[in-house]
Amino acid sequence: MKSKIKRHNKIELLEHWSIALSGIVLLFTGLGCLPLYKRYYISEIPGFAWTADFYNVTLIHYFASIVFLCGVVFHIFYHGVRKDFALLPKKGDISNGIKVLLAMIGIGKEPPSEKYLPEQRIAYVGIGFIIILLLITGIIKILKNLEWILLSPEVESINTIIHTLSGFVFLLAFIVHVVTVLIFPSNWPLLKSMFTGYVDEEYAKHRHALWYNKIKRD
Amino acid sequence: MNLSRRGFLTLSSVFCSTLLVGNYVDAAKGKYATLIDIDKCDGCKDQSIPLCVKACREYNKDRFPEPQKPILPYWPRKTYEDWSDKRDKIDTLTPYNWIFIQKVKIENEEIFIPRRCMHCDNPPCVRQCPFGALNKYPEGNSVINDKLCFGGAKCRDVCPWHIPQRQAGVGIYLKILPKYAGGGVMYKCDLCKDRIKKGQEPACVVACKERLGDKAVYTFGIREHIYDLALKRAKNEGLYIYGDKQNGGTSTLYLSKMPFEKINNILKALKERFQMPVEVENKIESTFNPIGKVALLSGAISIVGAIVGAIKSKKNPQKEQNNEK
């Protein structure tokens, strides 16, 4: 049996999947909050008739937001307090990130990486920013509907537009994230580790040499 | 991140007290309301067009849509909503007619109901517009921003009375993805927003008063006064009220000697586009808001759990041995 190295603990896996799965539900119902599904016959697909009613779609959006909100704030506070900052960008990440991406399509050699790949760290901050934007504007929407806060018409409009537009950016980021994991075989061990928590020692030694050496040193 | 225990406790108590106090914060009800006395309305029988309708059309005529033609259908569908050839239609709500007089025959008596936006206290159209194109103003009116409106008609779907009406071939959607997204601009009564902002009465109210004086169908004024007046008259004269409870309350109150159940039964039987259901639940208040509270509370609990969990895991670093930081 191949020797394994622990990459993610159960908490991290739970964070990732709670955010990912609720994020998918939020994206689907978020698109459904736009008047799209009836027009595009989605509501006529067997099992999707419920999407024709905005109240149904919004209800599920609200429920999924509970999981999403909990997942994201837990992630921020848990790792913030623990000072787990391995996913935050470092100097040289842009140039190294480009090298990693080029290597994925067979151009050049991939530089040795730490636990996370340089472009992963950049993507993390990017997607994190979008998620925070969605969360803040979403919370403002909840508060506004509760009438716990009263917004001026202009602020109300701006908040709604930011939520809708950043939803589209989130959709785009989500697609890029999933596609990059799925189409490049070099990333498949990372996908596996998102389910099991472990990567093969050989993979870590080869691709995440800096991380691997650090673990071995410690 | 360094958050002291005291700092954390202060933060969470502020958050929790906001949650609690929030229950008692009064809804933003708006400054004005309209009372519509159905029993006084004769539909302006002596006029070619009811005066309130005429005044509304006249006052808002510069804001009516001028669509670019040919109008594209809402792909992949083959339809689109175009009222531009029916601008003279006054017996229903259209993008060119924001108020109409609904005629109903009940027990050999003809009654006339002026129909327009109810201007809800917690309007689903405003709360659910995904483009932020609808706003609730401090005066109590819900207003469509025709510069932002994509014409998806969601507001019409979520409105219990299906008031907003769509005109294709106008609006911001033409500049973005005219074939694939959007459908025009929605139009409806905004209670003559510029007039009421200046303290003037809406055009329909003024026109009715000019014809009927003290016996005018409409009474417009400070919300509390209008509510008091309606409740007092309902009690003293044995009248029925509509609009005070429906959809969690609105800025438009109808008074009638005829029960509204009876009126709506007729409207329902006639399959009228615009009915007056008596039971109108505001789902934002009854369904979404409780879940919203749970979401906020869960978020707060999650923060507490995260901080406690992180502190505990720091105290037991051996458990995390294989984990890189």
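User: How many domains does the assignment give chain A, and where are their bounds?

Analyst: In this predicted model, the domain assignment splits chain A into domain 1, covering 7-84, and domain 2, covering 90-218. The C-alpha centres of domain 1 and domain 2 of chain A lie 17 Å apart, and their contact takes 12 residues from domain 1 and 12 residues from domain 2 of chain A.

User: Which elements give two or more residues to the side of domain 1 of chain A that touches domain 2 of chain A?

Analyst: Those elements are α1 (10-33) and α2 (54-82) of chain A, and α1(A) gives the most to this side of domain 1, with 6 residues. By class, the residues on the side of domain 1 of chain A that touches domain 2 of chain A comprise 4 nonpolar, 6 polar and 2 charged.

User: What makes up the contact of chain B with chain A, in residues from each?

Analyst: Chain B contributes 50 residues to the contact and chain A contributes 43 residues. On the side of chain B that touches chain A, the elements giving two or more residues are α3 (124-128), α4 (154-158) and α9 (283-315) of chain B, and α9(B) gives the most, with 22 residues. The residues of that side of chain B divide into 24 nonpolar, 18 polar and 8 charged.

User: Why is α2(A) called roughly parallel to α9(B)?

Analyst: Two packed helices are described by the angle between their axes and by the distance between those axes. Here the axes of α2(A) and α9(B) come within 7 Å and cross at roughly 20°. Angles under 35 degrees count as roughly parallel, and α2(A) is therefore roughly parallel to α9(B).

User: What is the handedness of the crossing where α2(A) passes α9(B), left-handed or right-handed, and which residue classes does their contact have?

Analyst: The crossing of α2(A) past α9(B) is right-handed, and the contact of α2(A) with α9(B) has 21 nonpolar, 10 polar and 3 charged residues.

User: What percentage of the residues in chain B is buried, and what makes a residue count as buried?

Analyst: A residue is called buried if 20 or more other C-beta atoms lie within 10 Å of its own, and buried residues make up 42% of the 325 residues in chain B. Chain B has 9 helices and 10 strands. Among the contacts in chain B with a separation of 6 or more, 61% are accounted for by residues 24 or more positions apart.

How values were computed
Residues numbered from 1 in each chain as written. Chains lettered and ligands numbered in written order. Predicted model: local features only at pLDDT ≥ 70, side-chain atom pairs only at ≥ 80, totals over all residues. Domains from an automatic or database assignment. Contact = placed C-beta atoms within 7 Å. Helix = DSSP H or I, 4+ residues; strand = E, 2+ residues; numbered from the N terminus. Nonpolar A, V, L, I, M, F, W, Y, C, P; charged D, E, K, R; others polar. Axes fitted to C-alpha atoms, helices over the stretch in contact; angles between N-to-C directions. Parallel < 35°, antiparallel > 145°, perpendicular 65-115°, else oblique. Left-handed = near helix turned anticlockwise from the far one by under 90°. Buried ≥ 20, exposed ≤ 12 C-beta atoms within 10 Å, placed from the backbone.
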